[in-house]
Amino acid sequence: MKITFLQIDQAFGRVCWGESCRAVARDLGVTEGALRFHFRKGPSPRYVRELAFRMMYADQERDRLNADERAAVDRLVARALAKGAAVTPRQFR
């Protein structure tokens, strides 16, 4: 059975949330290797899950700051983004 781009996207989301790749593949009627082949084209589900937890933790820490500190953090982030700070492909795996 062929897998559609929508199914790949949904499968990626399920694996990112902790469901096993094997179980998702079984539900879709494809092999685990087929899913992993498509997942290799971008960031790994493990990396995405780790990044999501880091972002959640950073948001919680930011919420603990007072208004002046929060404004300073926002300026630093804006400055870093203006300089082109972004996730590089090397950080995907």
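Does alanine 52 count as buried, exposed or partly exposed, and what is the relative accessibility at which the residue is placed there? In this predicted model, alanine 52 has a relative accessibility of 44% and therefore counts as partly exposed, since the class of partly exposed residues lies between the 20% limit for buried and the 50% limit for exposed. Alanine 52 belongs to helix H4, which is formed by residues 45-63. Although alanine 52 and cysteine 16 are separated by 36 residues in sequence, their C-alpha atoms are 9.4 Å apart in space.

The chain as a whole contains five helices and zero strands, and the order of its elements, read from the N terminus, is α-α-α-α-α. Of its 93 residues, 19% count as buried. When contacts between residues at least 6 apart in sequence are considered, 59% of them join residues that are at least 24 apart.

The packing of the helices may be described beginning with H1, which comprises residues 5-16, and H2, which comprises residues 21-28. These two helices pack at an angle of about 150 degrees, and their axes are 9 Å apart. Because of this angle, H1 is roughly antiparallel to H2, and the crossing of the two helices is right-handed. On the side of H1 the contact involves Gln7, Ala11, Arg14 and Val15, which meet Cys21, Val24, Asp27 and Leu28 in H2. By character, the residues of this contact between H1 and H2 comprise five nonpolar, one polar and two charged.

A second contact of H1 is made with helix H3, and here the two helices pack at an angle of about 95 degrees, with 11 Å between their axes. H1 is therefore roughly perpendicular to H3. Ile8, Ala11, Phe12 and Val15 contribute to this contact from H1, while Leu35, His38 and Phe39 contribute from H3. Six of the residues in the contact of H1 with H3 are nonpolar and one is polar, and no charged residue takes part. Ala11 and Val15 of H1 thus appear both in the contact with H2 and in the contact with H3.

H2 and H3 also pack against each other, at an angle of about 110 degrees and with their axes 8 Å apart, so that H2 is roughly perpendicular to H3. H2 passes H3 in a crossing that is right-handed. In this contact Cys21, Arg22, Val24, Ala25 and Leu28 of H2 meet Glu32, Leu35, Arg36 and Phe39 of H3, and the residues involved divide into six nonpolar, no polar and three charged.

The two sides of H2 can be distinguished by the accessibility of their residues. Cys21, Val24, Ala25 and Leu28 are buried in H2, and because these residues cover an arc of only 100 degrees around the axis, they lie on the same side of the helix. In general, an α-helix has 3.6 residues a turn, so residues three or four places apart point the same way. The buried residues of H2 pack against H1 and against H3, the helix of residues 32-39. On the other side of H2, by contrast, Arg22, Arg26 and Asp27 are exposed. Just after H2, glycine 29 adopts a positive phi of about 75 degrees.

Technical notes
Residues numbered from 1 in each chain as written. Predicted model: local features only at pLDDT ≥ 70, side-chain atom pairs only at ≥ 80, totals over all residues. Heavy atoms only, no water. Axes fitted to C-alpha atoms, helices over the stretch in contact; angles between N-to-C directions. Helix = DSSP H or I, 4+ residues; strand = E, 2+ residues; numbered from the N terminus. Parallel < 35°, antiparallel > 145°, perpendicular 65-115°, else oblique. Left-handed = near helix turned anticlockwise from the far one by under 90°. Contact = heavy atoms within 4.5 Å. Nonpolar A, V, L, I, M, F, W, Y, C, P; charged D, E, K, R; others polar. Buried < 20%, exposed > 50% of the residue type's maximum accessible area, 1.4 Å probe, protein only. Arc of directions from axis to C-beta.
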